[in-house]
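Thanks for coming, everyone. I'll walk you through one structure today, and I'll keep it brisk. Please have a look at it first.

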Amino acid sequence: MSKKLKRCESCNDPINWDDTVILVEDDVYHKDCVELYPTGYFAMIDGEPIGETENDNGGVAWEYFDDHELEGLDE
Ligand SMILES: [Zn+2]
């Protein structure tokens, strides 16, 4: 059975355990894949707002997800 990895909603790459991620509602993005609106908590891609983020400074993926959802960890 294949593992169900968390994937970035922008580039569709699996989230690596040490990636810096931005959470937008229930979706996850690499910090580098989104632009953050300077004055608030709004994340955007190519100028299109995608929603409010709870962690605008980004966070390390393993703080948010279980091991089985992440790539790059040993079993
Ligand atoms: Zn990405």
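**A walk through the model**

Let me start with one residue, Glu25. Glu25 has 11 C-beta neighbours inside 10 Å, so Glu25 counts as exposed. The cut-off for exposed is 12 or fewer. Where does Glu25 sit? Its place is the loop between β1 and β2, and β2 covers residues 27-30. Now look at the backbone there. Phi of Glu25 is near 50°, a positive value in a residue other than glycine. Most residues other than glycine have a negative phi.

One caution before going on. This is a predicted model.

Now the overall picture. How many helices and how many strands does the protein have? Zero helices and six strands. From the N terminus, the elements run β-β-β-β-β-β. The radius of gyration is 12 Å, close to the 11 Å that the globule rule gives for 75 residues, so the protein is as compact as a globular protein of that length. Along the principal axes, the C-alpha trace spans about 40 × 20 × 20 Å. Of the 75 residues, 20% count as buried. And consider contacts with a separation of 6 or more. Residues 24 or more positions apart account for 47% of those.

Next, the sheets. Strands of a sheet pair through backbone hydrogen bonds, either parallel or antiparallel.

Take the sheet that contains β1. It is an open sheet of three strands, with the order β2-β1-β6 and antiparallel pairing. β2 and β6 stand at the edges, each with a single partner strand, so one side of each is left without a neighbour in the sheet. β6 covers residues 59-60. How many bridges join β1 to β6? Two, and the strands run antiparallel. You can find one meeting point yourself: Thr20 stands opposite Val60 in β6.

Now the sheet with β3, β4 and β5. It is an open sheet of three strands, in the order β3-β4-β5, again with antiparallel pairing. Its edge strands are β3, residues 35-36, and β5, residues 48-52. Each of those pairs on one side only. Two bridges join β3 to β4. Glu35 has Met44 in β4 as its bridge partner. On the other side, four bridges join β4, residues 42-45, to β5. There, Phe42 has Glu52 in β5 as its bridge partner. β4 and β5 form a hairpin, with two residues between them. Look at Asp46 in that turn: its phi is positive, about 50°.

On to the core. Which residues make up the largest nonpolar core? There are twelve: Cys8, Ile15, Val21, Ile22, Leu23, Val24, Val28, Tyr29, Val34, Ala43, Ala61 and Leu70. β1 and β2 each supply at least two residues of this core. The largest share, four residues, comes from β1.

Let's zoom in on Tyr29, one of those core residues. Leave aside its neighbours within four places in sequence. Tyr29 is then in contact with Cys8, Glu9, Ser10, Val21, Ile22, Val24, Val34 and Ala43.

Finally, the segment before β1. Leu5 lies there, and β1 itself covers residues 20-24. Is Leu5 buried, exposed or partly exposed, and what decides it? It has 15 other C-beta atoms within 10 Å, so Leu5 is partly exposed. Buried would take 20 or more, and exposed 12 or fewer. Setting aside neighbours within four places in sequence, Leu5 is in contact with Pro14, Ile15, Glu69, Leu70 and Glu71. Two of these, Ile15 and Leu70, are listed in the largest nonpolar core. What about Leu5 and Val60? They are 55 residues apart in sequence and 16 Å apart in space, C-alpha to C-alpha.

Asn12 is found in that segment before β1 too. Asn12 is exposed, with 8 other C-beta atoms within 10 Å. Its phi is near 70°, a positive value in a residue other than glycine.

To recap, then. The protein has six strands and zero helices. One open sheet runs β2-β1-β6. Another runs β3-β4-β5. The largest nonpolar core has twelve residues, with its largest share from β1. Thanks, and over to you for discussion.

How values were computed
Residues are numbered from 1 along each chain as its sequence is written. This is a predicted model: local features need pLDDT of at least 70, side-chain atom pairs count only at pLDDT 80 or more; totals for chains, interfaces and linings use all residues. Two strands pair if DSSP finds at least two bridges between them. The radius of gyration is taken over C-alpha atoms; the globule rule is 2.2 Å times the number of residues to the power 0.38. Two residues are in contact if their C-beta atoms, placed from the backbone, lie within 7 Å. A nonpolar core is a set of buried Ala, Val, Leu, Ile, Met, Phe, Trp, Tyr and Cys residues joined through C-beta atoms within 7 Å.
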